[in-house]
Each structure stands twice: as structure tokens, then as C-alpha cells.
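Biologist: I would like to learn how to read a structure feature by feature. Could you walk me through one?

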Amino acid sequence: GVRVWSLGSGSRGNAIVVESDGRAILVDCGFGPRALVTRLRAVGIAPEQITALVLTHEHQDHASGAERAQHKWRWPVYATAGTLAALPEITTRWRRPVTPGAAVDLGDFALEAVAVPHDAAAPIACTITVQRSGARVGIAHDMG
């Protein structure tokens with residue numbers, strides 16, 4: 001199965017965690033590491049269970065904690081080239097450019113990005129599929 005939690009939604013910060021069989025993906029990281037750990041603990045997830053960070057776009061409420069979290073936990077960061085270019089502080093060796101329409105293998109999960117209209121560099125919505133079960137989650141923020 002798959003479990004999904006919103007760790008926060010709104011102008012103060014956005015983050016969604018998708019978990020299956022003890023492995024997790026974080027979509028957006030609008031919180032610093034301390035707040036993120038508190039929010040993850042509340043749903044029973046440790047940062048070490050997260051195998052990838054997906055960023056939908058570069059705005060503060062979606063990406064303000066990305067660089068510190070990536071540095072602390074060594075998460076690969078999946079985002080469009082436009083989003084990554086707008087976030088120069090993300091360590092180069094952990095950047096994973098995503099092209100809308102192309103599926104990306106994240107190990108236990110598969111990611112597919114879809115371009116969306118929003119006032120950001122190259123924003124996306126995404127689907128995350130659990131490879132083993134086929135369970136699928138769609139995540140779309142800030143449409144328009």
C-alpha cells in the first residue's frame with residue numbers, strides 16, 4: 001500500500017510525504033530541517049527513510065528548506081532544469097533534472113512530472129507510483 005501525509009500546506013510552507021514499505025519520497029520542502037523533523041515525526045517517518053526530494057517549483061513556501069535538508073540528509077533533488085537553475089544553492093552532484101512527460105525511476109517509486117501554469121521558472125505537478133504495487137498518487141500545487 002501507499003500512505004500520504006501533508007506536512008503543511010499554504011503560504012507558510014508546503015511538504016507532502018509519500019510512504020510505502022518503510023521508504024518515502026518528499027514532495028516540496030517549505031520548512032527548515034528542525035520543523036521538518038517535527039512534522040515527519042508526527043506521522044511516524046524519519047528523515048533517513050526519505051530516498052528523494054521532489055520540488056514542484058522554486059518558490060519559498062515550497063523550497064525554502066530544500067538546500068539545508070538536502071545537505072543534512074544527502075537527498076537527491078528531482079526538479080525541472082528551470083527550477084534547479086532558480087535554486088543555485090542545491091549541491092550540483094545531488095541535482096536530478098526532470099523532464100515533464102518522462103518517467104523517472106526512483107527505486108521503490110516512479111515519478112512522472114507534468115508541466116503546469118504558474119508564475120515560476122518551470123513548475124510541475126507530479127504522479128508518484130509505487131513500483132511494487134502500482135499504487136499511484138497525484139500531487140498538484142499552485143495551479144494558475
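Modeller: Happily; we will take the sheets, the helices, the salt bridges, the cysteines and two backbone angles in turn. Keep in mind that this is a predicted model.

Biologist: Let's begin with the sheets. In what order do the six strands lie, and what is the pairing?

Modeller: The six strands follow the order 1-2-3-4-5-6 in an open sheet, and their pairing is mixed. Strand 1 (3-8) and strand 6 (95-97) are at the edges with a single partner strand each, so one side of each has no neighbour in the sheet. On average, neighbouring strands here are turned by 25 degrees against each other, direction ignored.

Biologist: How many bridges pair strand 1 with strand 2, and in which sense?

Modeller: Five bridges, in the antiparallel sense, with strand 2 covering residues 15-20. For one pair to find on screen, take Gly8, whose bridge partner in strand 2 is Ala15.

Biologist: And what is the order of the sheet with four strands?

Modeller: That open sheet runs 7-8-9-10, and its pairing is antiparallel. Strand 7 and strand 10 are the edge strands, each pairing on one side only. Here the average turn between neighbouring strands is 20 degrees, again ignoring direction. Within this sheet, strand 9 and strand 10 run antiparallel and are joined by four bridges. Thr129 is the residue opposite Arg136 of strand 10.

Biologist: Now the helices. Which strands does helix 1 lie across?

Modeller: Helix 1 (residues 33-42) lies across strand 1, strand 2, strand 3 (23-27) and strand 4 (50-54). Relative to strand 1, helix 1 runs at about 140 degrees.

Biologist: How do I describe one helix packed on another?

Modeller: Two packed helices are described by the angle between their axes and by how far apart those axes are. In this model, helix 1 packs with helix 3 (residues 66-73) at an angle of about 75 degrees, and the axes are 9 Å apart. Helix 1 and helix 3 are therefore roughly perpendicular to each other. On the helix 1 side the contact uses Pro33, Leu36 and Val37, and on the helix 3 side it uses Arg68, Ala69, Lys72 and Trp73.

Biologist: Let's turn to charged side chains. How many salt bridges does the structure hold?

Modeller: There are three. In one of them, the side chains of Arg3 and Glu19 meet at 2.8 Å, N to O. Arg3 belongs to strand 1 and Glu19 to strand 2, so this pair ties together parts 16 residues apart in sequence. Arg3 is partly exposed at 45% relative accessibility, while Glu19 is buried at 7%.

Biologist: What is the N to O distance between Asp21 and Arg132?

Modeller: For that salt bridge it is 2.4 Å. Asp21 sits in the loop between strand 2 and strand 3, and Arg132 in the loop between strand 9 (124-130) and strand 10 (136-139), so to speak distant parts of the chain, 111 residues apart. Both Asp21 and Arg132 are exposed.

Biologist: Which residue forms a salt bridge with Arg23?

Modeller: Asp108 does, with the closest N and O atoms 2.8 Å apart. This pair also links distant parts of the chain: Arg23 is in strand 3 and Asp108 in the loop between strand 7 (103-105) and strand 8 (109-115), 85 residues apart. Arg23 is partly exposed with a relative accessible area of 42%, and Asp108 is partly exposed with 34%.

Biologist: What about cysteines: how many disulfides are there?

Modeller: The general idea is that a disulfide is a covalent bond between the sulfur atoms of two cysteines. The count here is zero.

Biologist: Why is Cys29 without a bond to Cys126?

Modeller: The closest cysteine sulfur to that of Cys29 is in Cys126, and because the two are 14 Å apart, they are too far for a bond. A disulfide would need the sulfur atoms within 2.5 Å. Cys29 is buried at 0% relative accessibility, and Cys126 is buried with a relative accessible area of 3%.

Biologist: One last feature, the backbone. What is phi of Asp21?

Modeller: Phi of Asp21 is near 50 degrees, a positive value in a residue other than glycine. Asp28, not a glycine either, has a positive phi of about 70 degrees. Look for Asp28 in the loop between strand 3 and helix 1, where Asp28 counts as buried at 0% relative accessibility.

Methods: Residues numbered from 1 in each chain as written. Predicted model: local features only at pLDDT ≥ 70, side-chain atom pairs only at ≥ 80, totals over all residues. Heavy atoms only, no water. Buried < 20%, exposed > 50% of the residue type's maximum accessible area, 1.4 Å probe, protein only. Pairing = 2+ DSSP bridges. Helix = DSSP H or I, 4+ residues; strand = E, 2+ residues; numbered from the N terminus. Axes fitted to C-alpha atoms, helices over the stretch in contact; angles between N-to-C directions. Contact = heavy atoms within 4.5 Å. Salt bridge = Lys/Arg side-chain N within 4 Å of Asp/Glu carboxyl O. Parallel < 35°, antiparallel > 145°, perpendicular 65-115°, else oblique.
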